[in-house]
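Here's a quick briefing for anyone meeting this structure for the first time. Take a look at the model, then read on.

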Amino acid sequence: MASKKKGKPGKLSNTELKQKASAIIKNARANGIPSSQIERDLDTIFRDLGLAVSSSKQAGMKRTLLLITCLIAAVGIVLPIYLGTTVEDLHNLLQSQECLVPSNLIVAEVARPISDCKMCHNLESIPVSTNMTKENFLQNYAYSGKPVLIQQATKDWLALQKFDFHFFQRLYTKYPKSAEEVEKNCNFLRYDTDFLTFSDFLKMDDDRVERLDWYVGWSNCDRRVMKELRKYYQRPFFLPDDSSSSSLDWIFMGGAGPGAGFHIDQVDDSSWQAQIRGQKTWTLVPPYECEAVCKELNVTVTRGDIIVLNTNLWFHKTEIAEGEMSLTIGSEYD
């Protein structure tokens, strides 16, 4: 009997490709596979391929180009052939699916413009100010890309007394469909938790809340919630008078341990983030084109402080300190 040759898989339609990918993603989420596990698996694959690199500086971001090159080759060339689809179909899929690659590293790095290293040249540490003025901020920090920590910048905010998990639980319960709005039109960052949706997060019982074995973030685009939130905090006093603030609020909260892993953002403008509760340590790494003249920077932000940072320029990660839950709120300005 003549053996049959194994032919190439038939080309999948765009709809079939999305259905298959969606099923894989759904199954991964249902099994609670954390992004840290995905990253470890990727590292194992690269080591098996003989592509292991130094782990200094959290891999020092010096492996960024290597990882991106390998991932682009695998995703952009091998996967379309294996699935019998086209690169164009795959590109459409990547844009339509949430976190197909952790931190969307490929898209973020390929799309990122080359940075002006003046933002970090000769910067030995993140500047800290206890008496920031509008003039100083505008001249040195507002649009320079240089980060700055402004201490005790939120002392008059009601948020310091009112914000906690139960505050947000009550707030989103008060306004029907507001939690679904986060899931539909904003972003819910589950990190390494088992919460599949923002609504799941809000359903936590008190025992789980107190264990603090979770860390999440989300953006709010429900105008009812936005108006309520802004009764508890004000526009930072040091922002330029002619700058506009985003209507989008970002909230991050959770217990000790890793916060957000190393990533770079794709938002419109520079950001500020106020520490309402607890402590959070930021690690900033310059983009690879600035590594020869810039250093890795670290700073711990405590209750009442505001850090200002262009997250489109700096790779960054956060670590939550032991003790009280960390809770921050932030936004962008132009």
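What follows covers a small set of topics: a sheet, one of its strands, and a charged patch.

This is a predicted model, where local features need pLDDT of at least 70, side-chain atom pairs count only at pLDDT 80 or more, and totals for chains, interfaces and linings use all residues. Residues are numbered from 1 along each chain as its sequence is written, and side-chain values use heavy atoms, with hydrogens and water left out.

**The sheet**
- An open sheet is built from 4 strands in the order β6-β11-β8-β9, with antiparallel pairing.
- At its edges sit β6 (257–258) and β9, each pairing on one side only.
- Strands here are DSSP runs of E with at least two residues, and helices are runs of H or I with at least four, numbered from the N terminus.
- Two strands pair if DSSP finds at least two bridges between them.

**Strand β8**
- β8 covers residues 280–285, and 5 of its 6 residues are buried (under 20% relative accessible area, 1.4 Å probe, protein chains only).
- It's joined to β9 (residues 297–301) by 5 bridges, and Leu284 has Leu297 as its bridge partner there.
- With β11 (residues 315–320) it shares 6 bridges.
- Across in β11, Lys280 faces Ile320 and Leu284 faces His316.

**Around Asp205**
- You'll find Asp205 in the loop between α10 (198–202) and α11 (206–211).
- Asp205 counts as partly exposed because its relative accessibility is 47%, between the 20% limit for buried and the 50% limit for exposed.
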